[in-house]
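Please look through the sequence and the model shown here before reading on. The paragraphs below go from the ligand site to the cores, then to a helix, and end with some details of the backbone.

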Amino acid sequence: MFGKRNSSAPDLSPRPAPPAAKPVVGEAVNAGTDTNVDQAPAPPQAASAPAEAAPAPAAPARKAPERARSEEYYDVKTTVFNALIDTIDLTALAKLDADAAREEIRDIVNEIVAIKNVVMSIAEQEELLQDICNDVLGYGPLEPLLMRDDIADIMVNGAETTYIEVGGKVEASSIRFASNAQLMNICQRIVSQVGRRVDESSPICDARLPDGSRVNVIAPPLSIDGPALTIRKFKKDRLTLDQLQRYGSISPEGRTLLSIIGRVRCNVLISGGTGSGKTTLLNCLTAYIEPDERVITCEDSAELQLQQPHVVRLETRPPNLEGEGEITMRDLVKNCLRMRPDRIVVGEVRGPEAFDLLQAMNTGHDGSMGTLHSNSPRECLSRLESMILMGGFNLPARTIREMITSSVDIIVQASRMRDAAAKITHITEVVGLEGEIVTLQDLFIYDVAGEDANGRIVGRHRSTGIARPYFYERARYFGDDKRLTECLSSAEVNDEHGRPLGEKFATA
Ligand SMILES: Nc1ncnc2c1ncn2[C@@H]1O[C@H](COP(=O)(O)OP(=O)(O)OP(=O)(O)O)[C@@H](O)[C@H]1O
Ligand SMILES: [Mg+2]
C-alpha cells in the first residue's frame, strides 16, 4: 500500500485540497509516478515506493486489536490513505524518527478525516490512524501479528487469507491485505532490507526481519493465488528447559539427563519433524556449555541465542541474482574446523555438511550438536546416511555407519503429539555396529497411555532401566556419574509384577 493505490478501491471525489502546510508536507507525491525502479515492466498493481522512502518499520505505540473489519472501513481507509499519499512528502517523512513520523501522519489524517466529513468515533479514528501508520511506516496489516509474542508462525496465503499458529494450533486470522499488490509490496519491503528482491523473475526468497524472524516468500506465478508469505517469529525469550519441564515436554529426571548430556560433552543430534521444537531444544542444550569453551554456530538463519561469551555465529548465504556468491552450510562447517572450535553447533543438518559435522565430532570437537529433520532416532540415522551418500561421498554403507557410531553419542527425539503438545519422546544412545546394523539403546522414553476427556495426550516419561549408559565413563570423567545413575534409576517404572518396564514401549 506504501506509495501506491488500490485502483479497484472507490475514490471519494472531489479530491481534497492538501491540508495546510506541515513541516514535512512538501510537493505532493503522486502515486502514479511512485513506481519501483527495479521493476521494469511492472504490472500496474506491482508498484511500490522507492527504497529510500521506506524507513525502518516502527513498532506501533499500542497493541492493535485484531478483529474483522467491514468493507466500509477498508473503503474509508483507502480514501484517506490515497489523500495522505497525495499530500505527504515521503522522502521528508523517511528522515523523521518513528515517533515524529507517526505524529506527522496523525495530524494529516485527522485533517483529511475532517475535510472529507468522514463520520467516525475517536476510537475508530485511532484505529484507522494505527492501520495507516502500519502501512506507511511498517509492514501494514502484518504489524499487529508481528507484535504478538504468543504467535509462533504467520502464514499468509494471498491477500485474503492469513493463518497463525498460536500455542501449537493453527487458526485463521481476521487480518487481510487490501490487495495482492499491497501484500507483494510488503514482501518486497521485507526482503529488500536484506538486499534481496522478489518478483516474477526471482519469485522465491528467504529473508529475515530486523528482529530475527525467519521469512520465506514465494510469489506468483509459482504461488497461484497470490504471494505466499511465511514467517517463523523470532522468540525474544526462547523457551528454557525449566519451561519445557513445566509444559510437560520433559520430566524433571529427563531434564537432569539432558543437562548431564550437555555438560559432559556428548555429541548430540536432535531429531524431529517441522516445528517439533528442535531449535528450541538445541538452544536449551547449549545452556550447559561452559563459559570458557569456544563455540561456533552455523545456521541458515541465526536463531540460536547462546549465553556464553566466547561464541562465533556464522550464517549461510544464498546466491545473488546472478546465481553467484552462495555460501553453503558445508562451506561454513568446513571453515569452522580451521577456527579452533571446542564445540560446533549446526542449526539444521540437511545436506552434505552431515559428513563434515560427523568428522568434527570424531576429531576432538566433543560436545558438538545439530538438529536434523526426522521422525525417530532410527530414521535419524538413515537420513544422516542418505545425506552423506547424496553428497557424493563414495563410501561403502558400512564405513558411513562406522563413522556415525563413532561420532554421534546421543539422539534426542522431539515430537509434536496429536494434541499439538511438543514432547521429548526419546533420549537414545548410539551404541555401536552389529554386523551392518547400528545399535541404538533408549535411555529415556515417553509412553503414551491414552487421551483425557479434552483430547489431550496422557502419558509419562520414564527411564528404560539402563543403569550404566555407554557414556557413563565420560560422565565419570566430568564428575557427573553419580547424578547420572541417580537420575536414571529414579525415573524407572516397574510393571505390575515389580519388574522394570524396560524398553517395552520403545519405538526406536
Ligand atoms: N516444548 C515446547 N512446548 C511448547 N512450545 C514449544 C516447545 N518447543 C518449541 N515450542 C515452540 O514451537 C515453535 C517451533 O519451535 P522450534 O523453532 O524450536 O521448532 P523446529 O523443530 O526447530 O522448527 P523448524 O522445523 O521449522 O526448524 C516455537 O514457537 C517454539 O517456541
Ligand atoms: Mg528449527
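Which residues come nearest to ligand 1? In this predicted model, 16 residues surround ligand 1, and A152, S249, G277, T279 and T280 are the ones that come nearest. Sorted by the character of their side chains, the residues of this shell comprise 5 nonpolar, 8 polar and 3 charged ones. Helix α9, which covers residues 278–286, gives the most to the shell, with 3 residues. Ligand 1 lies between domain 2 (139–235) and domain 3 (241–491), because both of these domains give residues to the shell around it.

With the ligand site placed, the protein as a whole can be considered. The protein has 15 helices and 15 strands, and 41% of its 508 residues count as buried. If one takes the contacts between residues at least 6 apart in sequence, 60% of them join residues at least 24 apart.

The interior comes next. In soluble globular proteins, nonpolar side chains tend to be buried together. Here the largest nonpolar core has 67 residues, and V268, V333, L357, I404 and V412 are those with the most contacts inside it. A second core, separate from that one, has 24 residues, with I154, M184, I186 and I190 among them. To see the surroundings of one residue of the largest core, the reader may turn to V333: leaving aside residues up to four places away in sequence, V333 touches C298, I344, V346, E353, D356, L357 and A360.

Helix α15, made up of residues 481–490, shows how burial can be distributed around a helix. Its residues L484, C487 and L488 are buried, and they lie on the same side of α15 because they cover an arc of only 95 degrees around the axis. An α-helix has 3.6 residues a turn, so residues three or four places apart point the same way. K482, E486 and S490, on the other side of α15, are exposed. Among the elements that cover the buried residues of α15 are α8 (252–263), β14 (437–451), β15 (457–463) and α14 (472–477).

Strand β14, one of those covering elements, also contains I437. Is I437 buried or exposed? I437 is exposed, because 10 other C-beta atoms lie within 10 Å, and a residue with 12 or fewer counts as exposed. The C-alpha atoms of I437 and R401 are separated by 7.9 Å, although these residues are 36 apart along the chain.

A few details of the backbone remain. Most residues other than glycine have a negative phi, and most peptide bonds are trans. The peptide bond from P220 to P221, however, is cis, with omega near 5 degrees, and P221 lies in the loop between β5 (214–218) and β6 (228–232). R340, a residue other than glycine, has a positive phi, near 50 degrees; R340 sits in the loop between α10 (329–336) and β10 (343–349) and is exposed, with 9 other C-beta atoms within 10 Å. A420 likewise has a positive phi, near 75 degrees, and is found in the loop between β12 (410–416) and β13 (422–434). Since A420 has 15 C-beta neighbours inside 10 Å, it counts as partly exposed.

Technical notes
Residues are numbered from 1 along each chain as its sequence is written. Chains are lettered from A and ligands numbered from 1 in the order in which they are written. This is a predicted model: local features need pLDDT of at least 70, side-chain atom pairs count only at pLDDT 80 or more; totals for chains, interfaces and linings use all residues. Helices (H or I, at least four residues) and strands (E, at least two) are DSSP runs, numbered from the N terminus. A residue is buried if 20 or more other C-beta atoms lie within 10 Å of its own, exposed if 12 or fewer, and partly exposed in between; C-beta atoms are placed from the backbone. A residue is near a molecule or strand if its C-beta atom, placed from the backbone, lies within 6 Å of it. Ala, Val, Leu, Ile, Met, Phe, Trp, Tyr, Cys and Pro count as nonpolar, Asp, Glu, Lys and Arg as charged, and the others, Gly among them, as polar. Domain bounds come from an automatic or database domain assignment. A nonpolar core is a set of buried Ala, Val, Leu, Ile, Met, Phe, Trp, Tyr and Cys residues joined through C-beta atoms within 7 Å. Two residues are in contact if their C-beta atoms, placed from the backbone, lie within 7 Å. The arc is that of the directions from the helix axis to the C-beta atoms.
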